[in-house]
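Grab a pencil and work through these exercises with the model open beside you. Try each task before you read the solution under it.

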Amino acid sequence: MGFYSQVIFPRLIDLTMSTSPMGNYRQDILSDVQGEVLEIGFGTGLNLPYYPKHIKKITVIEPNPGMKPLAGKRIQKSDIKVENFVLQGEELPFADESFDSVVSTWTLCSIANIDQALRQIHRVLKPEGRFFVLEHGLSDDPKVEVWQNRLNPIQKVVGDGCHLNRNIKQLIENNQFKFLELEQFYMADLPKFVGYMYKGIATK
Ligand SMILES: C[S@@+](CC[C@H](N)C(=O)[O-])C[C@H]1O[C@@H](n2cnc3c(N)ncnc32)[C@H](O)[C@@H]1O
């Protein structure tokens with residue numbers, strides 16, 4: 001992992017993804033999280049202040065060790081105990097059916113082997129567990145989609161592996177999940193190619 005990934009990228013996402021509109025969406029999706037929680041792609045810990053008060057402990061995985069110094073500051077300030085693993089979503093070391101809630105915010109865009117990671121999430125989720133997602137991805141407007149496909153190679157470099165054109169709904173449904181609820185919309189103040197959001201809760 002190079003200098004950009006480990007030093008620049010963590011600061012870049014910490015700055016650009018800590019906006020108050022994003023905070024509102026984080027709070028909204030996390031409001032129903034309960035029980036044993038696993039967060040995939042913890043990044044710099046930007047979700048931490050938005051977990052409901054009754055959540056006392058979460059397990060998180062994040063493959064980029066460069067995120068740790070920034071995440072560490074948020075963990076110190078939080079009342080939530082964070083069990084932190086430097087790991088990829090494709091290789092979850094947890095027992096089958098061990099989590100009530102799995103959380104992914106703006107992470108499924110970046111996982112290299114997304115199907116493998118979704119199979120792992122499915123495996124570690126309890127039968128009645130819920131998968132909470134807040135992601136950007138492929139627009140339903142063909143004109144925007146054209147630009148997402150064109151800009152994807154640049155985004156993969158700037159966004160350290162992030163894809164603009166993943167159909168998040170299809171990927172999740174193709175991996176044996178059903179959506180209990182799903183909203184697809186453009187987030188205000190973001191260019192459309194990066195601002196098409198999928199916010200929902202899926203179950204097995
Ligand atoms: C755009 S950032 C979002 C960070 C955080 N989830 C948030 O909402 O602020 C994407 C995150 O996905 C992580 N990521 C990349 N590949 C991954 C993988 N294979 N498994 C899990 N997370 C991964 C990155 O390291 C990064 O922290």
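**Exercise 1: Two sides of a helix**

Task: in this predicted model, find the buried residues of helix H2 (residues 20–30) and work out how they are arranged.

Solution. Start by picking out the buried positions: they are Arg 26, Ile 29 and Leu 30. Next, look down the axis of H2: these buried residues fall within an arc of 90°, so they line one face of the helix. Now turn to the other side of H2, where Ser 20, Pro 21 and Asn 24 are exposed. Last, ask what the buried residues of H2 pack against: strand S4 (99–105), strand S5 (125–136) and strand S7 (196–203).

**Exercise 2: Into the core**

Task: describe the largest nonpolar core and say which elements give two or more residues to it.

Solution. First the size: this core has 41 residues. Those with the most contacts inside the core are Val 102, Ile 121, Phe 131 and Val 133. Then go through the elements that give two or more residues: H2, strand S1 (37–40), strand S2 (57–61), S4, helix H4 (114–124), S5, helix H6 (168–174) and S7. For a close-up, take Ile 121: leaving aside neighbours within four places in sequence, Ile 121 is in contact with Ile 40, Val 102 and Phe 131. As background, nonpolar side chains tend to be buried together in soluble globular proteins.

**Exercise 3: Strand partners**

Task: trace how S4, S5, S6 and S7 pair, giving the sense and the number of bridges.

Solution. Begin with S4 and S5, which pair in the parallel sense over six bridges. Here Val 103 stands opposite Phe 132 in S5. Step across from S5 to S7: seven bridges join these two, and they run antiparallel. Phe 132 turns up again, with Ile 201 as its bridge partner in S7. Carry on to strand S6 (residues 178–186), which is joined to S7 by eight bridges and runs antiparallel to it. In this pairing, Phe 185 has Met 197 of S7 as its bridge partner. Finally, check how enclosed S5 is: nine of its twelve residues are buried, so S5 is largely enclosed by the rest of the structure.

**Exercise 4: An aspartate in a strand**

Task: is Asp 100 buried, exposed or partly exposed, and which residues is it in contact with?

Solution. Locate Asp 100 in strand S4. Count C-beta neighbours inside 10 Å: there are 16, so Asp 100 counts as partly exposed. Then list the contacts, leaving aside neighbours within four places in sequence: Gln 34, Gly 35, Glu 36, Lys 126 and Gly 129. Now single out Gly 35: Asp 100 and Gly 35 are 65 residues apart in sequence, yet 5.4 Å apart C-alpha to C-alpha.

**Exercise 5: Positive phi in the loops**

Task: compare the surroundings of Asp 160 and Gln 176.

Solution. Remember that most residues other than glycine have a negative phi. Asp 160 is not a glycine, but has a positive phi of about 50°. Asp 160 sits in the loop between helix H5 (142–158) and H6, and counts as buried because it has 20 C-beta neighbours inside 10 Å. Gln 176, also not a glycine, has a positive phi of about 70°. Its place is the loop between H6 and S6. With 12 C-beta neighbours inside 10 Å, Gln 176 counts as exposed.

**Exercise 6: Around the ligand**

Task: how many residues surround the ligand, and how do they split by class?

Solution. Count the shell: 22 residues surround the ligand, and the closest are Gly 41, Gly 43, Gln 88, Gly 89 and Thr 105. Then sort the shell by class: ten nonpolar, ten polar and two charged residues.

Note on methods
Residues are numbered from 1 along each chain as its sequence is written. This is a predicted model: local features need pLDDT of at least 70, side-chain atom pairs count only at pLDDT 80 or more; totals for chains, interfaces and linings use all residues. A residue is near a molecule or strand if its C-beta atom, placed from the backbone, lies within 6 Å of it. Ala, Val, Leu, Ile, Met, Phe, Trp, Tyr, Cys and Pro count as nonpolar, Asp, Glu, Lys and Arg as charged, and the others, Gly among them, as polar. Helices (H or I, at least four residues) and strands (E, at least two) are DSSP runs, numbered from the N terminus. The arc is that of the directions from the helix axis to the C-beta atoms. Two residues are in contact if their C-beta atoms, placed from the backbone, lie within 7 Å. A nonpolar core is a set of buried Ala, Val, Leu, Ile, Met, Phe, Trp, Tyr and Cys residues joined through C-beta atoms within 7 Å. Two strands pair if DSSP finds at least two bridges between them.
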